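Student: I would like to learn how to read a structure like this one, step by step. Could we look at it together?

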2 protein chains.
Amino acid sequence: MEERLILISNDDGISSKGIDTLIRIAQPYGKVVVVAPVSVQSGKSHSVSLTRPIRFEKQYDSERLEKYVLNGTPVDCVKSALTKILPRKPDLMLSGINHGSNSAISVIYSGTMGAAIEASFYGIPSVGLSIVTHDLDADFSVVEKTAPALIEKVLEHGMPEMVSLNVNYPVCELDDFKGFKVCSQTKSYWYEDFEETIDKNGNPAYYQRGHLVNVEPDNDNCDENALAENYASIVPIKVDFTDYKMIDELKKWNL
Amino acid sequence: MEERLILISNDDGISSKGIDTLIRIAQPYGKVVVVAPVSVQSGKSHSVSLTRPIRFEKQYDSERLEKYVLNGTPVDCVKSALTKILPRKPDLMLSGINHGSNSAISVIYSGTMGAAIEASFYGIPSVGLSIVTHDLDADFSVVEKTAPALIEKVLEHGMPEMVSLNVNYPVCELDDFKGFKVCSQTKSYWYEDFEETIDKNGNPAYYQRGHLVNVEPDNDNCDENALAENYASIVPIKVDFTDYKMIDELKKWNL
């Protein structure tokens with residue numbers, strides 16, 4: 001039987017602690033090929049590099065692990081892996097572990113989830129993993145201990161085409177960790193708070209800050225609230241933006 | 001009564017023919033404020049600039065039209081407009097007119113739709129408009145003649161929070177135009193075809209090409225097929241990535 005092939009990418013770049021942890025988690029399950037951005041791609045969402053060429057180079061090569069670094073976005077990494085790098089369609093795609101939450105509406109801004117979602121378009125079981133701290137030296141020990149059980153379930157059950165998983169971990173000790181909870185994406189938006197700086201020419205420039213506004217704080221079944229209770233949230237993700245309820249409403253407009 | 005305030009952005013940049021056309025279409029309905037990228041942002045999806053500062057400057061100022069150019073993505077433009085530029089929440093947000101189709105799965109890669117979707121998060125009725133040709137000198141005359149009726153309906157009915165419209169126009173003469181058709185997002189994915197070039201150091205570099213694969217060619221009610229019949233497709237868009245059907249399935253995994 002052919003060895004399992006696992007693609008890994010992320011949005012924090014190939015040198016992050018999160019991706020190193022994910023590689024360690026994945027290696028028992030097959031040959032791992034990493035195709036990851038050379039630089040930080042946080043907030044890159046589902047973006048693709050259309051106006052400039054993509055370059056990648058092999059950075060590490062052993063029998064059971066290869067690493068490629070790429071000058072583009074997480075979605076570029078997945079497209080390049082599937083089109084130019086991998087010998088065949090991988091059996092599993094893992095993205096992350098992201099340093100920072102991708103729960104709630106953050107999923108749409110996330111490069112980590114962009115990569116996982118892109119892989120799901122090609123029928124590859126895909127999981128994006130994140131932890132709710134931006135600490136570059138985040139403690140991933142709970143993820144390392146518990147994510148293998150999830151990966152085994154994904155390999156056992158497979159996933160429907162176009163469906164991926166958005167998994168977010170709380171920051172807590174293993175003793176306080178409540179396990180996985182299947183959730184919906186929390187209804188929410190970002191409240192923006194631009195931090196003004198003055199550039200060297202004396203002109204204002206702004207860094208985007210802000211915080212997530214949870215508009216369903218009492219919903220026990222959404223990811224943001226599960227995380228607050230020390231569950232790791234799992235949201236099954238499917239990209240069909242159509243608002244089917246609104247279709248009937250729009251038809252009444254007699255356009 | 002206070003004059004209506006209309007925000008316009010796009011992803012082709014502030015100098016494109018598409019945004020000029022959209023400004024002309026919008027002006028009869030209120031004061032127009034344009035906040036648009038300085039450079040082409042095609043394929044930027046919902047990305048935000050998190051690691052570098054945002055700058056914008058006023059390029060044009062008259063009583064009924066202001067234009068700001070910004071060094072970021074379409075979503076950066078909307079966030080900056082709402083946070084730093086506009087005196088109040090706008091009554092309408094229009095994005096485009098994009099030179100190139102944003103039908104089917106292209107909606108997730110689209111900067112044009114990124115901007116419209118972002119505005120919808122803040123309860124602003126939002127419409128993204130595109131035409132299915134990348135021609136920089138595209139003929140927008142059918143859009144100019146027919147989009148006003150759609151805008152009037154949006155202003156009359158309003159839109160639920162979090163819902164925007166993805167409107168795509170075919171390339172055809174007015175006589176052949178069949179009108180608007182309310183549709184679902186076509187199930188589809190991009191088949192990648194990387195074009196190899198050799199850079200000045202003799203190394204390979206790749207441009208992403210490819211084409212959309214329509215996996216429901218017989219569905220009369222999806223946008224891709226409506227466009228092929230010379231309808232302008234309207235897909236109501238709501239961003240909840242949760243696959244609710246899969247939630248029950250996942251719960252059976254006993255994680």
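Tutor: Let us begin with one pair of strands, keeping in mind that this is a predicted model. In chain A, strand 8 and strand 11 run parallel and are joined by 3 bridges. Within that pairing, Val182(A) has Ile234(A) of strand 11 as its bridge partner.

Student: In which sense do strand 7 and strand 11 of chain A pair, parallel or antiparallel?

Tutor: Strand 7 (residues 163–169) of chain A pairs with strand 11 of chain A in the antiparallel sense, over 6 bridges. A residue to look for is Asn168(A), which stands opposite Ser233(A) in strand 11 of chain A.

Student: How many residues of strand 11 of chain A are buried?

Tutor: For burial we count neighbours, and a residue is called buried if 20 or more other C-beta atoms lie within 10 Å of its own. In strand 11 of chain A, 6 of the 7 residues are buried, so the strand is largely enclosed by the rest of the structure. As for the way side chains point, in a regular strand they alternate between the two faces of the sheet.

Student: In what order do the strands of a whole sheet lie, for instance in chain B?

Tutor: One reads a sheet from one edge to the other, and in chain B 9 strands form an open sheet in the order 3-4-2-1-5-6-7-11-8, with mixed pairing. Its edge strands are strand 3 (56–61) and strand 8 (180–182) of chain B, each of which pairs on one side only. From one strand to the next, the twist averages 20°.

Student: Which pair in chain B would show me the parallel sense?

Tutor: You could take strand 6 (residues 126–131) and strand 7 (residues 163–169) of chain B, which pair in the parallel sense over 6 bridges. There, Gly128(B) has Asn166(B) in strand 7 of chain B as its bridge partner.

Student: Which strands does helix 1 of chain B touch?

Tutor: Helix 1 (residues 17–26) of chain B packs on the sheet and touches strand 1 (5–9), strand 2 (31–37), strand 4 (65–70), strand 5 (92–99) and strand 6 of chain B, while its direction makes about 145° with that of strand 5 of chain B. Helix 3 (residues 111–121) of chain B lies across strands that include strand 1 and strand 11 (232–238) of chain B, and runs at about 170° to strand 6 of chain B.

Student: How many residues of helix 2 of chain B are buried?

Tutor: An α-helix has 3.6 residues a turn, so residues three or four places apart point the same way. Helix 2 (residues 74–85) of chain B is mostly covered, with 9 of its 12 residues buried, and among them are Pro74(B), Cys77(B) and Ala81(B).

Student: How can chain A be laid on chain B?

Tutor: A turn of 180° with a shift of 0.0 Å along the axis lays chain A on chain B with an RMSD of 0.0 Å. The two copies are therefore related as by a two-fold rotation axis. The same surface serves both, since 100% of the contact residues of chain A recur in chain B.

Student: How many residues does each chain give to the contact, and which element of chain A gives the most?

Tutor: The contact takes 58 residues from chain A and 58 residues from chain B. On the side of chain A that touches chain B, strand 11 of chain A gives the most, with 5 residues. By class, that side has 33 nonpolar, 15 polar and 10 charged residues.

How values were computed: Residues are numbered from 1 along each chain as its sequence is written. Chains are lettered from A and ligands numbered from 1 in the order in which they are written. This is a predicted model: local features need pLDDT of at least 70, side-chain atom pairs count only at pLDDT 80 or more; totals for chains, interfaces and linings use all residues. Two strands pair if DSSP finds at least two bridges between them. Helices (H or I, at least four residues) and strands (E, at least two) are DSSP runs, numbered from the N terminus. Axes are lines fitted to C-alpha atoms, for helices over the stretch in contact, and angles run from 0 to 180 degrees between N-to-C directions. Two residues are in contact if their C-beta atoms, placed from the backbone, lie within 7 Å. Copies are superposed by least squares on the C-alpha atoms of residues with pLDDT of at least 70 in both. Ala, Val, Leu, Ile, Met, Phe, Trp, Tyr, Cys and Pro count as nonpolar, Asp, Glu, Lys and Arg as charged, and the others, Gly among them, as polar.
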